[in-house]
Amino acid sequence: MKQHIFLSSPHMSEEGYEQEYIKEAFDTNWIAPLGKNVTEFENEMAEKLGAGKAVALSAGTAAIHMVLKAIGVSQGDVVFCQSLTFSATANPIVYEKATPVFIDSDAESWNMSPEALEVAFEKYEKLGKKPKAVIVVHLYGICAKIKEIMEICKRHQVPLIEDAAESLGTTYHGKYTGTFGDYGIISFNGNKIITSSGGGMLLVNTEDAEEKAKKVLYWATQAREPARWYQHTEIGYNYRMSNIVAGIGRGQLKVLDTRVEKKRYIYEYYQKHLGDLAGLHFMPMMEGTKSNCWLTSVQLDDGCKVKPLDIMLALEEDDVESRPIWKPMHLQPVFAECDFISLEAGLHVVDEETGADNSVSGQIFEHGVCMPSDSKMTDEDLERVCDVVRELWEQM
Ligand SMILES: Cc1ncc(COP(=O)(O)O)c(C=O)c1O
């Protein structure tokens with residue numbers, strides 16, 4: 001019987017590092033949302049990435065929520081946010097009763113278009129509104145045009161948040177994503193390149209990193225004041241990572257480089273074995289970047305006889321998981337009222353069923369597929385996937 005092939009599933013170390021750290025937590029009875037694993041996971045991650053300060057939290061979403069609070073985002077504020085992303089990037093803006101303004105991607109990087117960001121600044125300046133923050137995403141591990149985006153944010157004196165949930169291990173000229181912006185966030189959800197079963201981390205890279213991290217820690221642990229009794233002057237959250245979860249994370253961090261190499265191997269394997277198919281293109285690799293290739297994603301030309309759904313259905317038939325490209329936020333009914341800034345003139349829906357439009361992000365969504373990119377895949381698994389896909393072209 002054929003084995004199910006996952007899109008991207010948890011992959012614990014062969015050495016059993018995770019269990020050693022968990023055992024230590026059990027042996028010392030630190031079964032709590034604090035302890036050595038939590039502290040060390042933060043230190044080890046900050047050191048590995050070269051981040052100012054790291055705060056371990058219950059989820060990447062919690063990290064985005066906390067950073068928005070740290071910046072002071074509140075009711076009536078506007079936050080510029082990449083449209084082509086997972087909803088968790090944008091939801092915390094609404095938790096704080098602020099308004100997201102979505103920014104289109106560019107075709108070169110698939111991520112936030114620096115030109116569209118500039119247009120957004122111009123438009124909102126005329127409206128007398130300065131955004132409180134900009135959130136850029138390194139989707140699927142592809143590095144965004146971070147240099148250009150940093151320059152724009154600096155010039156406008158607006159803090160930059162990097163959503164590096166999917167890009168842990170990706171570098172730009174040797175420097176890790178998540179450490180360019182004033183803040184970065186990482187996710188350790190089950191499908192990420194390394195997982196702690198669920199969890200996230202906030203990276204603080206500002207000059208006052210120590211102070212900001214302390215404040216986040218305070219909110220994330222129920223905003224308890226230093227008093228003998230439970231004393232509160234602010235609303236708090238229960239967002240801290242547990243010592244058991246952090247133990248898994250520490251073990252996984254030891255194999256991050258190995259996972260990046262394997263994910264890159266998967267990308268290269270697909271490129272080698274599918275790269276000649278007419279009308280099929282791979283996700284971009286920007287110059288100077290080394291992507292973690294979290295999910296290898298492809299695009300099919302408009303005129304290509306094979307459609308993304310054909311690939312997904314054929315793989316499904318063979319018990320192989322794949323997924324559409326994330327549907328952009330500006331096309332989500334929940335954000336229908338939000339503004340969207342695109343360089344594309346005359347925006348209109350091109351696919352009634354999915355709601356895809358002719359924006360750059362809408363087109364990447366319409367024409368794309370995330371290929372199975374599980375780090376446990378063998379060469380036989382990769383060959384099996386390629387055979388299924390090639391057959392579709394042969395049938396044409
Ligand atoms: C781009 C992006 N941002 C944020 C998140 C949220 O992370 P978490 O699931 O850890 O809350 C995810 C993944 O889930 C994601 O893919």
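A polar contact is a pair of N or O atoms within 3.5 Å. Keep that cut-off in mind as we explore this predicted model.

**Exercise 1. Polar contacts of the ligand**

Find out how far a nitrogen atom of the ligand is from an N or O atom in the side chain of Asp163, and decide whether the pair is a polar contact. Then look at Ser187 and Asn189.

*Solution.*
- Step 1: The Asp163 side chain has an N or O atom 2.7 Å from a nitrogen atom of the ligand. The cut-off is 3.5 Å, so this pair counts as a polar contact.
- Step 2: For Ser187, a polar side-chain atom lies 2.7 Å from a ligand oxygen atom.
- Step 3: Asn189 also places a polar side-chain atom by an oxygen atom of the ligand, at 2.9 Å.
- Step 4: Now turn to the ligand's surface: taken alone, the ligand exposes 380 Å², and the protein buries 93% of that.

**Exercise 2. The shell around the ligand**

Work out how many residues surround the ligand and which are the closest, then sort the shell by character.

*Solution.*
- Step 1: The ligand is surrounded by 15 residues.
- Step 2: Thr61, Asp163, Glu166, Ser187 and Lys192 are the closest.
- Step 3: By character, the shell holds five nonpolar, seven polar and three charged residues.

**Exercise 3. A sheet of four strands**

Trace the open sheet that contains strands 10, 12, 15 and 13, and say which strands stand at the edges.

*Solution.*
- Step 1: The strand order is 10-12-15-13, and the pairing is antiparallel.
- Step 2: Strand 10 (280-282) and strand 13 (323-324) are the edges; each has a single partner strand, so one side of each has no neighbour in the sheet.
- Step 3: Follow strand 13 to strand 15 (residues 368-370): two bridges pair them in the antiparallel sense. Here Arg323 has Cys370 in strand 15 as its bridge partner.
- Step 4: Add helix 10 (residues 308-317), which lies across strand 12 (297-300), strand 13 and strand 15. Helix 10 runs at about 25 degrees to strand 15.

**Exercise 4. A sheet of three strands**

Do likewise for the open sheet made of strands 7, 6 and 11.

*Solution.*
- Step 1: Its order is 7-6-11, with antiparallel pairing.
- Step 2: Strand 7 (175-176) and strand 11 (289-290) are the edge strands, each pairing on one side only.
- Step 3: Strand 6 (residues 171-172) and strand 11 run antiparallel and are joined by two bridges. Tyr172 has Thr289 in strand 11 as its bridge partner.

Key:
Residues are numbered from 1 along each chain as its sequence is written. This is a predicted model: local features need pLDDT of at least 70, side-chain atom pairs count only at pLDDT 80 or more; totals for chains, interfaces and linings use all residues. Side-chain values use heavy atoms; hydrogens and water are left out. A residue is near a molecule or strand if one of its heavy atoms lies within 4 Å of it. A polar contact is a pair of N or O atoms within 3.5 Å; within protein, one must be able to donate a hydrogen and the other to accept it, and residues adjacent in sequence count only if both atoms are side-chain atoms. Accessible areas come from the Shrake-Rupley method with a 1.4 Å probe; for residues, only the protein chains shown count as cover. Ala, Val, Leu, Ile, Met, Phe, Trp, Tyr, Cys and Pro count as nonpolar, Asp, Glu, Lys and Arg as charged, and the others, Gly among them, as polar. Two strands pair if DSSP finds at least two bridges between them. Contact means heavy atoms within 4.5 Å. Axes are lines fitted to C-alpha atoms, for helices over the stretch in contact, and angles run from 0 to 180 degrees between N-to-C directions.
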